[in-house]
Amino acid sequence: MLCVLMVMLTVAFSLPAMTVTAHAAALAAPANVKASQTTSQLSLTWDAAENATGYRIYYKNGKTWKACKDVQGTSVTFKNLPSGKVYTLAVRSYYKCKCHPKSTTWSKTYTTIETATMPAAPAKVTAKATPSSLTLNWTASKGATGYKIYYYRIPSGWKELTSTTKTTCTFTKMVTGCEYKFAIKPYIKLKDGTVIMGNAKEFTAAASTTAPKATVSSPEKGKVVIKWSKVYAADGYYLYYKYNNGKYKLIKNVTNPSEIVYTNIAGGNYTFAVRAYINTTCGKIFSPYTPVTVAVAGNLPCGCAPECCRCGKSK
């Protein structure tokens, strides 16, 4: 998407002395200078100045103006530029007589314009959620002064939710387990208030579903049975356990509610937890979980933990 800027300012211009022919008509500065851009190039267009045979383009480097290009037409394009960079450019008219090729008449004024290449879309977006809230985090876009966040609604389409200068945003009062389609657009705000929008990063994210209600029992020595029921919108479930006072370990990923049975495991206290997840383009959105602890009497001298027990099976 190209953003068009129409901010022009005609000011007195001071350059090194140039040869001027007294026979040429006075030249005006180019009018109606406009800029359009992508993430890697800038284009300028302007109205032709009467009697002009060409135009010189300048750019401002700190406090110094430097000439960068002469053109005979009324447009110029600069390519292979970095994204999200602000430029101050100027266009000046000149007249060269064919009979006096070494003499040049310049307009006494020039037209400046502040513009920028579009900021690139955020490279990565991550999401953290609860059943009623969603927090988005994203990588900064170079040069961006802020971000607009949109979401997609059927049938009305894209709608702006909010604008922020940060790289994180939290939404509350979300629908449990509901998946949303978002877009983040970086922007650059110039000194005069003009906003140049960047490319959008589209993705899906969701408020997490509720915690699965799991039951764990040990009906006989060396045996554990874990059961849970389906929760709304879940695409799958992660089963974790910890032994005595150890750390949680992931031992199974299943797509449907199951009855998981482990046999021939060592005696001790086992804590199990089941987390539902929803697949989104931001990654898996996990539900909360409720740990359930069960004491198991071992029936083998050595015993083994659930993740290494080859007797474990799912029904």
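**Trp-158 and its patch.** I looked up Trp-158 first and found it partly exposed, at 35% relative accessibility. The model is predicted, so I read every value here as computed. Trp-158 sits in strand β13, residues 157-164. I then asked which residues form a nonpolar patch on the surface with Trp-158. They are Tyr-152 and Ile-154, and the three together have about 350 Å² of accessible area.

**Salt bridges.** How many salt bridges does a search of the whole structure find? I got 4. I noted three of the pairs below, with the general point that side chains of opposite charge can pair when their charged atoms come close.

I started with Lys-148 and Glu-160, whose closest N and O atoms are 3.6 Å apart. Lys-148 is in strand β12 (residues 146-153) and Glu-160 in β13, so this salt bridge ties together parts 12 residues apart in sequence. Glu-160 is partly exposed, at 38% relative accessibility.

Next I took Glu-202 and Lys-181, which meet in a salt bridge at 4.0 Å, N to O. Glu-202 belongs to strand β17 (residues 201-206) and Lys-181 to strand β15 (residues 179-189), so the pair ties together parts 21 residues apart in sequence. Buried or exposed, or in between, for Glu-202? Glu-202 is partly exposed, at 47% relative accessibility. Lys-181 is partly exposed as well, with 35%.

Then I checked Glu-259 and Lys-227, with closest N and O atoms 3.4 Å apart. This pair links distant parts of the chain: Glu-259 is in strand β22 (residues 259-262) and Lys-227 in strand β19 (residues 224-228), 32 residues apart. Lys-227 has a relative accessible area of 41% and is partly exposed.

**Nonpolar cores.** I turned to the interior, recalling that in soluble globular proteins nonpolar side chains tend to be buried together. The largest nonpolar core has 22 residues. Which of them touch the most other members? I listed Val-224, Ile-226, Trp-228, Tyr-237, Leu-239, Tyr-270 and Phe-272. At least two residues of this core come from each of β18 (214-217), β19, β20 (236-243), β21 (249-254), β22, β23 and β25 (292-296). The largest share, 4 residues, is from β23.

I followed up Ile-226. Beyond four places in sequence, Ile-226 touches Thr-215, Val-216, Leu-239, Ser-258, Glu-259, Ile-260, Tyr-262, Phe-272 and Val-274. I also found a second, separate core of 21 residues, including Leu-136, Ile-149, Tyr-180 and Ala-206.

**Thr-280.** I picked Thr-280, in strand β23, residues 268-280. Thr-280 counts as buried because its relative accessibility is 14%, below the 20% cut-off. Which backbone oxygen lies 2.7 Å from a polar atom of the Thr-280 side chain? That of Gly-283. The backbone oxygen of Thr-204 lies 3.3 Å from a polar atom of the Thr-280 side chain. Setting aside neighbours within four places in sequence, I found Thr-280 in contact with Glu-179, Thr-204, Ala-205, Ala-206 and Ile-285.

**Pro-82.** My last entry is Pro-82, in the loop between β6 (75-78) and β7 (86-97). Pro-82 is partly exposed, with a relative accessible area of 36%. With neighbours within four places left aside, Pro-82 is in contact with Thr-39, Tyr-87 and Thr-117. I also took a C-alpha distance: Pro-82 and Ala-120 are separated by 9.6 Å, and they are 38 residues apart along the chain.

Methods:
Residues are numbered from 1 along each chain as its sequence is written. This is a predicted model: local features need pLDDT of at least 70, side-chain atom pairs count only at pLDDT 80 or more; totals for chains, interfaces and linings use all residues. Side-chain values use heavy atoms; hydrogens and water are left out. Buried means under 20% relative accessible area, exposed over 50%, partly exposed in between (1.4 Å probe, protein chains only). A polar contact is a pair of N or O atoms within 3.5 Å; within protein, one must be able to donate a hydrogen and the other to accept it, and residues adjacent in sequence count only if both atoms are side-chain atoms. Contact means heavy atoms within 4.5 Å. Patches are made of residues with over 30% relative accessible area and no salt bridge: like charges are joined within 9 Å, nonpolar side chains (Val, Leu, Ile, Met, Phe, Trp, Tyr) within 5 Å. Accessible areas come from the Shrake-Rupley method with a 1.4 Å probe; for residues, only the protein chains shown count as cover. A salt bridge is a side-chain nitrogen of Lys or Arg within 4 Å of a carboxyl oxygen of Asp or Glu. A nonpolar core is a set of buried Ala, Val, Leu, Ile, Met, Phe, Trp, Tyr and Cys residues joined through side-chain atoms within 4.5 Å.
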